[in-house]
Amino acid sequence: MINFNGTIVSEDANILTQNRAFLYGDGVFETVKVLNNKVLFLEDHYFRLMSSMRVVRMEIPMNFTMEYLEEQILSTVNENSIAHSSRARITVYRNDGGYYLPKINTVSFIISAVGLEKQLYSFDKTNYEVDLYKDFYITKQLLSSIKTTNKIINITGSIFADENGLDNCILLNDSKNVVEALQGNLFMVLGDKLITPPVSEGCLNGVMRKQILSLANKIANLEVIEEVISPFDLQKADELFITNVIKGIQPITQYRKKSFSTTRSAEILEKLNEMIGTI
């Protein structure tokens, strides 16, 4: 028997009592965009998920092929009649048993999906204001680069942003350098340079980050650099923007007293939409 919200019920009445993702954050996940019944950047998502599972010592089932996961994602969005444009999330968690030390390393997974209004990536012309989040810091380690189900820093940061009338916050690492935004990787335009923090700084090894780096490298007279960004560098930037696979590119228009243009981000957004149109 367990106590659930003040009522004594059978343990079987609540499936979370032994769920390791719920109890210990013992899970990893991928969020993907489905467009016209195709999973965008499928290979990148698949290999990042497999890498994440290996990092946390999960046993990868023999049937966990890229084709199998694609089939499971597409069957979910089709069942919900949202295959034209949707976001889907696959969460993989270690099966029940044990405390900090698991009894087994086999896994189960859940896929959920919701429809999206727009197919192509776009951004609004409205203001988008951010500030630093300094209550907690990201550590510079491999675990920070994968998507685990422990996102408490992103949650508390999102609450902080909401309480302070901000659209987003920028996260720092334990060296007090810029890492990423709450919901995506961060890019900075400074003159003819496009700069983003290296994964070694603790940022997520983002799938959209990879696409943006690839696209930007093909733009003439634009030098693409992965290097450390300090909070002081943000004040010098011409542009700042956030990337993730659902939104694509989100320009930042205001950071403290500094306003930013959106010229480069609009240029890269156009190339991104051209690219997914050929997938």
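This briefing covers the sheets, the helices packed on them, and the cavity and pockets of the structure above. The model is predicted. One open sheet has four strands in the order β4-β3-β5-β6, and another open sheet has five, in the order β12-β11-β10-β13-β14. Strand β7 pairs in the parallel sense with β8 and also runs parallel to β15, to which two bridges join it. The largest pocket has a volume of about 610 Å³, and the largest cavity has a volume of about 70 Å³.

**Four-stranded sheet**

- The strands of the open sheet β4-β3-β5-β6 pair in the antiparallel sense.
- The edges are formed by β4, residues 38–39, and β6, residues 107–115, each of which pairs on one side only.
- Strand β5 covers residues 85–94 and is joined to β6 by nine bridges, with the two strands antiparallel.
- Within this pairing, Ala88 has Ala113 of β6 opposite it.
- Helix α3, residues 66–79, lies across β3 (27–35), β4, β5 and β6.
- The direction of α3 makes an angle of about 40° with β6.

**Strand β7 and its partners**

- Strand β7 spans residues 129–138 and is joined by two bridges to strand β15, residues 254–255.
- Glu129 stands opposite Gln254, a residue of β15.
- Five bridges link β7 with strand β8, residues 168–173, and these two strands are parallel.
- Ile138 has Asn173 in β8 as its bridge partner.
- Helix α4, residues 152–163, makes a right-handed β-α-β unit together with β7 and β8.

**Five-stranded sheet**

- The open sheet β12-β11-β10-β13-β14 has mixed pairing.
- Strands β12 (223–226) and β14 (248–252) are at the edges and have a single partner strand each, so one side of each lacks a neighbour in the sheet.
- From one strand to the next, the twist averages 25°.
- Strands β13 and β14 run antiparallel and are joined by five bridges.
- In that pair, Asn244 stands opposite Gly248 of β14.
- Helix α5 packs on this sheet and touches β10 (185–190), β11 (193–196), β12, β13 and β14.
- The direction of α5 makes about 130° with that of β13.

**Cavity**

- The model has one cavity of 30 Å³ or more.
- The volume of the largest cavity is about 70 Å³.
- The lining of the largest cavity consists of Glu30, Val32, Leu42, His45, Tyr46, Leu49, Met66, Leu69, Glu70, Ile73 and Ile90.
- Two or more of these lining residues come from each of β3, α2 (42–55) and α3.
- By class, the lining of the largest cavity has eight nonpolar residues, one polar and two charged.

**Largest pocket**

- The largest pocket, of about 610 Å³, is lined by 31 residues.
- Those nearest its centre are Phe29, Thr31, Lys147, Gln183 and Asn244.
- At least two lining residues each come from β3, α2, β5, β6, α4, β9 (178–181), α5 and β13 (239–244).
- Contributors to the largest pocket therefore include β3, β5 and β6, which belong to the four-stranded sheet, and β13, which belongs to the five-stranded sheet.
- The lining of the largest pocket divides into twelve nonpolar, eleven polar and eight charged residues.

**Second largest pocket**

- The second largest pocket holds about 480 Å³ of space.
- Its lining has 22 residues, and Gln141, Leu143, Ser144, Thr148 and Asn150 lie nearest the centre of this pocket.
- Each of β3, β7 and α4 supplies at least two residues of the lining of the second largest pocket.
- Helix α4 gives the most to that lining, with three residues.
- The lining of the second largest pocket has nine nonpolar, nine polar and four charged residues.

Terms used:
Residues numbered from 1 in each chain as written. Predicted model: local features only at pLDDT ≥ 70, side-chain atom pairs only at ≥ 80, totals over all residues. Heavy atoms only, no water. Pairing = 2+ DSSP bridges. Contact = heavy atoms within 4.5 Å. Axes fitted to C-alpha atoms, helices over the stretch in contact; angles between N-to-C directions. Right-handed = clockwise from strand over helix to strand, strands pointing away. 1 Å grid on protein atoms, 1.4 Å probe; cavity = no way out; pocket = protein on both sides within 12 Å on 5 of 7 lines; lining within 4 Å. Points joined across faces, edges and corners; volume = space filled by probe spheres on them. Nonpolar A, V, L, I, M, F, W, Y, C, P; charged D, E, K, R; others polar.
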